[in-house]
Amino acid sequence: MIFDNNLQLKKEFNKLLIDTGNSKVNIATELEISKQQLSNLLNKKNLSFMDMKRILDVIGYDLEIGFKKKEN
């Protein structure tokens with residue numbers, strides 16, 4: 001999948017939570033932050049690689065990033 005913006009990444013993350021039975025409350029607890037702080041991280045206009053990596057580490061997932069030449 002090619003992501004054009006953070007909204008798409010957030011939607012995929014929410015699907016992952018549903019598929020794995022995880023909750024944002026549990027993730028926030030593991031990260032020792034509030035659920036609101038987690039929501040703020042996920043809603044940032046410029047969600048960082050490190051923020052998403054920290055979040056995914058909690059639920060045992062890796063973040064894969066690749067490069068693909070654009071088709072004209």
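Let me begin with the pair formed by α1 and α4, whose axes lie 12 Å apart and meet at an angle of about 5°, and I should say at once that this is a predicted model. Since angles under 35 degrees count as roughly parallel, α1 and α4 are therefore roughly parallel to each other. On the α1 side the contact is made by Leu-9, Phe-13 and Leu-16, and on the α4 side by Met-52, Ile-55 and Leu-56. If we sort the residues of this contact by class, we find six nonpolar, no polar and no charged.

Now to the second pair, α2 and α3, where α2 covers residues 24–31 and α3 covers residues 35–43. What is the angle at which α2 and α3 pack? The value is about 100°, and the axes of these two helices are 8 Å apart. With 65 to 115 degrees as the range for roughly perpendicular, that angle makes α2 roughly perpendicular to α3. From α2, the residues that make the contact are Lys-24, Val-25, Ile-27, Ala-28 and Leu-31, while α3 brings Lys-35, Leu-38 and Leu-42. Here the division by class is six nonpolar, no polar and two charged.

Between α2 and α3 there is a loop, and Glu-32 lies in it. What is the phi of Glu-32, a residue that is not a glycine? It is positive, at about 60°. Is Glu-32 buried or exposed? Its relative accessible area is 73%, and because the cut-off for exposed is over 50%, Glu-32 counts as exposed.

Let me turn finally to the empty space in the model. The largest pocket has a volume of about 780 Å³, and 26 residues line it. Nearest to the centre of this pocket lie Phe-3, Leu-9, Leu-63, Glu-64 and Ile-65, and Leu-9 will be familiar as one of the α1 residues in the contact with α4. Which elements give two or more residues to the lining of the largest pocket? They are α1, residues 6–20, and α4, residues 49–58, that is, the two helices that I described as roughly parallel. Of these, α1 supplies the largest share of the lining, with five residues. By class, the lining of the largest pocket holds 14 nonpolar, four polar and eight charged residues, whereas the contact of α1 with α4 has no polar and no charged residues.

Technical notes
Residues numbered from 1 in each chain as written. Predicted model: local features only at pLDDT ≥ 70, side-chain atom pairs only at ≥ 80, totals over all residues. Heavy atoms only, no water. Axes fitted to C-alpha atoms, helices over the stretch in contact; angles between N-to-C directions. Helix = DSSP H or I, 4+ residues; strand = E, 2+ residues; numbered from the N terminus. Parallel < 35°, antiparallel > 145°, perpendicular 65-115°, else oblique. Contact = heavy atoms within 4.5 Å. Nonpolar A, V, L, I, M, F, W, Y, C, P; charged D, E, K, R; others polar. 1 Å grid on protein atoms, 1.4 Å probe; cavity = no way out; pocket = protein on both sides within 12 Å on 5 of 7 lines; lining within 4 Å. Points joined across faces, edges and corners; volume = space filled by probe spheres on them. Buried < 20%, exposed > 50% of the residue type's maximum accessible area, 1.4 Å probe, protein only.
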